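This report goes through the strands, helices, cores and selected residues of one chain. The sequence and structure come first.

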Amino acid sequence: MTCEGDNNTKDDAANNHDQDQNVPRLLRRYDSLDIESNDVHGHHQGHHNQDASWRTTLHLAFMSVGVVYGDIGTSPLYVYASTFPNGIKDKEDIIGVLSLIYYTLTLLPLVKYVFIVLRANDNGNGGIFALYSLVCRSAKVSLLPSQQVEDQEVSNYKLELPTGVSTKVKSALESSEFAKFLLLVVTMLGTSLVIGDGILTPSISVLSAVSGIKAATPAMTEERVVWISVIILFLLFSVQRFGTDKVGCTFAPIILVWFFINSTIGIFNFIKHDKSVIKAVNPAYIVDYFKRNGKEAWISLGGVVLCITGTEALFADLAHFTVRSIQISMSCIVYPTVIFAYTGQSAYLRHHPDHVSDTFFKAIPGPVYWPVFVVAVLAAIIASQAMISGTFSIIQQSLSLGCFPRVKVVHTSTKYQGQVYIPELNYFLMAASICVTLAFRTTERIGNAYGIAVVFAEFLTSSFVVLIMILLWKINIVFVLSYVVIIMTVELTYLSSVLYKFTKGGYLPLAFASFLMMMMFVWNDVYRRKYYYEMARKLSPEKVKEMVSQSNVHRIPGIAIFYSELVHGVPPIFEHYLVNVPALHNIVIFVSFKSLPIGKVPPEERFLFRRALPRELYVFRCIVRYGYTDARNKQESFEGLMLDRLKEYVKEEIWSGGHDQGEAAAGRNKEEVIDQDIGAVDRAARAGVVHLMGQSDVIACQGAGIAKRIMINNVYCFLKRNLRQHHNVFDMPLKRSLKVVLTYEI
């Protein structure tokens with residue numbers, strides 16, 4: 001099997017027959033599919049962000065301010081209120097908490113994410129599934145059943161082989177089925193927590209900003225604040241369909257103004273009220289804070305950790321931007337302005353400790369109160385954008401790797417291919433955020449739930465980063481241990497604190513995560529069961545030849561494209577079709593879509609073909625490979641592109657010596673055989689192309705336990721009935737599509 005992407009090589013071969021015969025290219029055959037050759041010239045450069053110019057980088061840095069940092073930028077609205085729910089007992093506690101905020105912001109968003117985690121990107125893609133992808137390619141731990149030898153031949157699939165300690169860890173992971181299963185479950189849990197974060201972020205951000213009206217007018221009741229927040233949330237999710245590019249460019253100036261106001265008011269309060277709060281840079285005040293307050297100090301960490309809300313979006317939103325752009329915007333804009341904001345609030349609280357429940361709005365100088373309030377509301381609305389965009393990205397990845405039910409993924413930008421919008425998920429997030437706002441009603445109660453989602457997701461990310469440090473980066477074990485001792489110990493401390501508030505609302509993100517994990521696990525588990533069932537019953541090449549050659553099977557003009565999920569052979573549903581409809585088009589192509597654990601597959605390496613023998617049957621198998629950020633519809637005519645690649649494959653196969661010896665003995669040279677085969681494809685295409693959708697439904701087999709019956713017959717079938725069908729996801733032409741259904745008992 002040779003690659004169909006090197007057009008220059010094929011043209012040269014066609015023009016110089018004798019020279020080509022002197023350098024024969026032998027085919028390697030595998031039962032799964034022929035391996036494409038390694039003669040694709042050039043190396044795929046991966047994501048668009050690797051060669052971005054500085055102008056593009058600065059533009060993306062500007063956009064990232066409006067998309068990524070709204071959440072962490074609006075955390076000063078509620079951090080002190082959540083940290084001191086019962087008021088401030090000792091003014092020195094303000095210094096201790098400010099010191100905690102300083103070092104939390106420095107260690108987690110800045111050091112961990114900006115300078116470490118962003119390096120663990122998968123060709124420019126972030127999120128926990130990108131980390132899982134890197135681990136799966138560094139060690140054979142993937143549970144995806146459609147893996148093939150050919151996958152490793154894709155140019156941007158390969159990674160450096162582990163050595164030393166890395167080899168031992170790799171062997172341990174590969175030899176343990178439990179470790180493989182645990183990695184998948186942890187990935188699903190991390191994804192579920194990020195989605196939960198995407199639900200809670202809009203609720204707490206908008207509600208905290210709108211609550212500022214109560215500080216200006218007593219006529220604004222809690223009930224009115226809640227319903228105003230609900231209206232704003234509805235409008236926020238309604239604009240998501242316009243895409244990250246348009247939303248980011250629209251929102252970025254507002255967030256820049258917000259950061260400027262935050263830092264300016266912070267510096268004003270610092271100078272006016274108490275310059276001595278700067279001593280919080282000394283971590284000794286953290287120790288003193290814990291000595292004075294003991295258990296209460298530990299509980300208050302659940303409020304302090306809210307200063308890093310939205311940090312996971314730095315990584316999850318990476319596909320929308322670039323590593324360099326996020327590093328620039330975080331280091332030069334976000335980090336210093338947020339530090340100024342918290343410092344100014346601390347200085348204000350030293351003189352007005354009784355205002356801790358509404359610190360941000362109370363600390364605003366009177367003349368600028370209403371302008372700041374308007375910007376605060378707008379910034380809070382925008383704050384939700386970070387996790388919403390990150391949620392879209394991470395679900396796209398999980399969908400491609402078979403871990404999420406089929407949904408529509410809309411690519412909203414032709415310039416930045418990582419920017420996506422998922423309608424079903426957007427509606428779910430909107431409904432859930434509105435319900436949370438109506439049910440919890442205050443930022444303090446939502447904050448109790450919010451902290452668990454934030455810290456748990458960050459801890460799981462750290463766990464994968466440690467594996468990548470060992471398997472892929474192969475750095476000194478001392479640095480790995482330093483990361484574990486410093487970063488992960490801090491995260492575990494915060495996690496223990498937020499879990500203490502489980503009964504006060506902390507159960508909510510875990511309930512969301514459990515529901516989503518159940519859905520993802522059921523979908524993935526039944527998908528794998530069905531795949532192995534089909535693979536055990538796939539049709540052999542001899543069986544296909546016998547069926548197609550039967551005298552009662554009539555060949556009719558045209559091309560039949562038969563779709564199935566099985567990439568390792570011809571699915572049994574084809575036999576079901578021929579038994580009931582004994583007619584077959586002149587050319588038959590069995591097509592399987594397949595997702596690889598990489599961000600993008602180069603277009604020239606996307607299609608793999610194999611011809612079933614004998615040649616005159618004109619039966620082909622084709623695997624269409626995508627990465628988890630590749631656009632699959634509306635960007636190009638899939639049907640036309642596949643037929644072009646088929647004709648290229650026919651040329652390469654014949655020039656490589658793939659035509660029969662009988663044809664050579666009859667005096668037919670390669671040019672004649674090529675003309676005949678390509679002519680057959682063209683005539684069949686003019687006669688019409690029919691898309692046959694092979695749909696395999698499943699039910700639990702007789703004698704299955706009650707748990708298995710519920711999982712397959714109820715949960716899985718419900719998800720499949722109520723989500724997108726295959727032709728809706730890939731925009732197949734409905735007027736030329738037929739559905740072939742077969743039910744399996746598994």
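## Strand pairing

Ile-561 has His-691, in β7, as its bridge partner. The model is a predicted one. The strands concerned are β3 (residues 554-563) and β7 (residues 689-699), which run parallel and are joined by five bridges. Strand β7 also pairs in the parallel sense with β8 (residues 737-745), here over nine bridges. In that second pairing, Leu-692 stands opposite Leu-738 of β8.

## Nonpolar cores

The largest nonpolar core holds 198 residues, and the members that touch the most others are Tyr-69, Tyr-80, Ile-101, Leu-105, Tyr-342, Tyr-483 and Phe-574. Helix α20 (residues 443-473) supplies the largest share of this core, 20 residues. Leaving aside residues up to four places away in sequence, Ile-101 is in contact with Val-79, Tyr-80, Val-304, Cys-307 and Tyr-342. A second core, separate from this one, has 31 residues, among them Phe-609, Cys-622, Tyr-626 and Trp-655. In soluble globular proteins, nonpolar side chains tend to be buried together.

## Helix α16 and His-273

Helix α16 covers residues 323-351, 29 residues in total. At 1.5 Å a residue it should span 42 Å, and its end C-alpha atoms are 41 Å apart, so the two values agree. The helix nevertheless has a kink of about 40°, centred on Met-330.

His-273 sits in the loop between α12 (244-272) and α13 (284-293). With a relative accessible area of 13%, His-273 is buried. Its contacts, not counting residues up to four places away in sequence, are Ala-347, Tyr-348, His-351 and His-352.

## Cysteines

How many disulfides does the model contain? The count is zero. For Cys-136, the nearest cysteine sulfur is that of Cys-403, 9.2 Å away, and Cys-136 is in no disulfide. Seen from Cys-403, the closest cysteine sulfur is in Cys-136, and the 9.2 Å between them is too far for a bond, because a disulfide needs the two sulfur atoms within 2.5 Å. Cys-136 counts as buried at 9% relative accessibility, and Cys-403 is buried as well, at 2%.

## Phe-512

Phe-512 belongs to helix α22 (residues 507-536). Phe-512 counts as buried, because its relative accessibility of 16% falls under the 20% limit. Phe-512 and Ile-199 are 313 residues apart along the chain, while their C-alpha atoms are separated by 9.3 Å. Beyond residues up to four places away in sequence, Phe-512 touches Ile-199, Ala-432 and Val-436.

## Positive phi angles

Most residues other than glycine have a negative phi. Two exceptions are listed here.

| Residue | Phi | Loop | Relative accessibility |
|---|---|---|---|
| Lys-474 | about 55° | between α20 and α21 (477-499) | 26% |
| Tyr-618 | about 55° | between β5 (607-611) and β6 (619-626) | 13% |

Lys-474 is not a glycine, yet its phi is positive. Lys-474 counts as partly exposed, since its 26% relative accessibility lies between the limits of 20% and 50%. Tyr-618, also not a glycine, has a positive phi too, but Tyr-618 counts as buried.

Methods:
Residues numbered from 1 in each chain as written. Predicted model: local features only at pLDDT ≥ 70, side-chain atom pairs only at ≥ 80, totals over all residues. Heavy atoms only, no water. Core = buried A, V, L, I, M, F, W, Y, C linked by side-chain atoms within 4.5 Å. Buried < 20%, exposed > 50% of the residue type's maximum accessible area, 1.4 Å probe, protein only. Helix = DSSP H or I, 4+ residues; strand = E, 2+ residues; numbered from the N terminus. Contact = heavy atoms within 4.5 Å. Expected span 1.5 Å × (residues − 1). Bend = angle between axes of the 7 residues up to and from the residue. Pairing = 2+ DSSP bridges.
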